[in-house]
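Here is a friendly walk through one model, by question and answer. Have a look at it before we begin.

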Amino acid sequence: MIKVMLADDEDLVRSGLRMILNSAGDIEVVAECDDGHLVAELARQHRPHVVLLDIRMRSSDGLTALRRLRSIPDAPRIAMLTTFDVDEYVSEALRLGASGFLLKDTEPEQLVRAVRDLASGGAVLDPGVAARVLAAVADGERAAEPARRLLASLSEREREVLVLIGQGMSNAEIGGTLHLSEATVKGYVSSVLGKIGAVNRVQAALVAFRGGLIA
């Protein structure tokens, strides 16, 4: 079972996420928290594989909780929960080691898939917020030329795959779009990450954004 912890100060958000995840069969919500100060302590107690963490919480901002979570030995994978109106916290969350960004009203199937991807070591970027996340963390023209040089090392197919990564697509969705098997897509994704020096899909999408491959 994939163990998940929910940290959000809105009861309705937590109850909706809990209902969706617990119905997946291979996912169990083992802890919930509405106080950012308690997130790390609960994570130590329950040892979740994945934490879905509100980027803004009334009692303590999500960035403080993220820092504390990342300091735990064998820290869980962490995806930040946000709204469509992405704010200035996004860039810092990525720098601090967040493994993805999800909208609070993410579609159930997409949410379950994202948690599975996170638990297996992946990173997730909700299609509904992808462009805004990338715009919020881009450094502007100063980073454009280095990014373009990295992108020049990619084949045409790898560039196509990277564009779809930047749109927040999963491997299965990319395969369906490009008429490739999921295993083949996984190979392309691994190759892309290696060539551009990205540690996860979010960083890869950021390189593509800075280099002008995606708008």
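The turns below take up the domains and the pocket of this predicted model.

Me: Before we start, what should I know about the model and its numbering?
Reply: Residues are numbered from 1 along each chain as its sequence is written. The model is predicted, with local features needing pLDDT of at least 70 and side-chain atom pairs pLDDT 80 or more, while totals for chains, interfaces and linings use all residues; side-chain values use heavy atoms, without hydrogens and water.

Me: How many residues of domain 1 are in contact with domain 2?
Reply: The chain divides into domain 1 (2-135) and domain 2 (140-211), with bounds from an automatic or database domain assignment. Counting contact as heavy atoms within 4.5 Å, 11 residues of domain 2 meet a number from domain 1. That number is 13.

Me: Which residue forms a salt bridge with Arg113?
Reply: A salt bridge here is a side-chain nitrogen of Lys or Arg within 4 Å of a carboxyl oxygen of Asp or Glu. Between domain 1 and domain 2 the count is 1. For Arg113, the closest N and O atoms are 3.0 Å apart, and the partner is Glu173.

Me: Where does the largest pocket lie?
Reply: A pocket is an open set of points on a 1 Å grid over the protein atoms alone, where a 1.4 Å probe fits, with protein on both sides within 12 Å along at least five of seven lines; lining residues have an atom within 4 Å of a point. Both domains give residues to the lining, so the largest pocket lies between domain 1 and domain 2.
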